Amino acid sequence: MHRLDTICVFCGSSDGNDQLITDAAKELGQTFAKHNITLVYGAAKIGVMGALAKSVLDASGKVIGIIPEFLKKKEVVHLGLTQLVTTENMHERKLKMHELSNGFIALPGGIGTLEELFEILTWLQLGLHTKPIGLLNCNGFYDDLMQLLETMVRKGFVTMENYELLLIDSTVEGLLQKMAAFKAPNIPHWLTKDRA
Ligand code: AMP
């Protein structure tokens, strides 16, 4: 079983307009606190990010926020976190998130969420880490993305092995179970000569 005591969550800095998504963020936060899992995230107090952090803190859990200096100035930073880490830039922030966490989850969000999810998935594909990455497909939010990934497999741009690296579930408990059972392939498929 994978040790999962610190999980980094990528999610929207906007609220969106689907209450089920906010509810899922709250449920994830409560589940983290219940299982003693520390939340690592982008330190904003707004949007789904803020709802998630609040739910962990309200349930007496731990939250580490990591924010680059330039975003801190926008007065959206959550100042009530267990720990706030300031980085020089976005790249350093991503490295710090990776260094502190032993798993990653993407909740619904926008462009920033997708960028973070796919960079950490690319690192796994390249064998730069072996940590589980989960996608919470809340209320069908990621159905279209899953379809695009299937098209990428069908058209020969993503191998089935790499497609399967992304763990997907519509429930919080189901996703955490898949992540705990995750075992990264020994040899990154990407690096073998018969990768097609
Ligand atoms: P988006 O999905 O475009 O709303 O972007 C969300 C992701 O980008 C989060 O996981 C954050 O790491 C980062 N991000 C975007 N806006 C902010 C903000 N105002 N404060 C902190 N992080 C942010």
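Helix 5 (residues 111–125) gives the largest share of the shell around the ligand, four residues; helices here are DSSP runs of H or I with at least four residues, strands are runs of E with at least two, and both are numbered from the N terminus. Please keep in mind that this is a predicted model, where local features need pLDDT of at least 70 and side-chain atom pairs count only at pLDDT 80 or more, while totals for chains, interfaces and linings use all residues. Residues are numbered from 1 along each chain as its sequence is written, and side-chain values use heavy atoms, with hydrogens and water left out.

Let's look at the ligand's surroundings. Of its 18 surrounding residues, Ser-13, Gly-110, Gly-112, Thr-113 and Glu-116 come nearest (a residue is near if one of its heavy atoms lies within 4 Å). The polar contacts below are pairs of N or O atoms within 3.5 Å.

| Ligand atom | Protein partner | Distance |
|---|---|---|
| nitrogen | Arg-93, side-chain N or O | 2.9 Å |
| oxygen | Ile-111, polar backbone atom | 3.5 Å |
| oxygen | Glu-116, side-chain N or O | 2.5 Å |

On its own the ligand has 480 Å² of accessible area, and the protein covers 85% of that (Shrake-Rupley method, 1.4 Å probe).

Now to the aromatic rings: the structure holds two aromatic pairs, meaning rings of Phe, Tyr or Trp (its six-membered ring) with centres within 6.5 Å. Phe-10 and Phe-104 are stacked because their ring centres are 6.1 Å apart and their planes meet at 15 degrees; stacked requires planes under 30 degrees apart, edge-to-face over 60, and the rest are tilted. This pair links distant parts of the chain, with Phe-10 in strand 1 (residues 6–10) and Phe-104 in strand 5 (residues 103–106), 94 residues apart.

Methods
A polar contact is a pair of N or O atoms within 3.5 Å; within protein, one must be able to donate a hydrogen and the other to accept it, and residues adjacent in sequence count only if both atoms are side-chain atoms.
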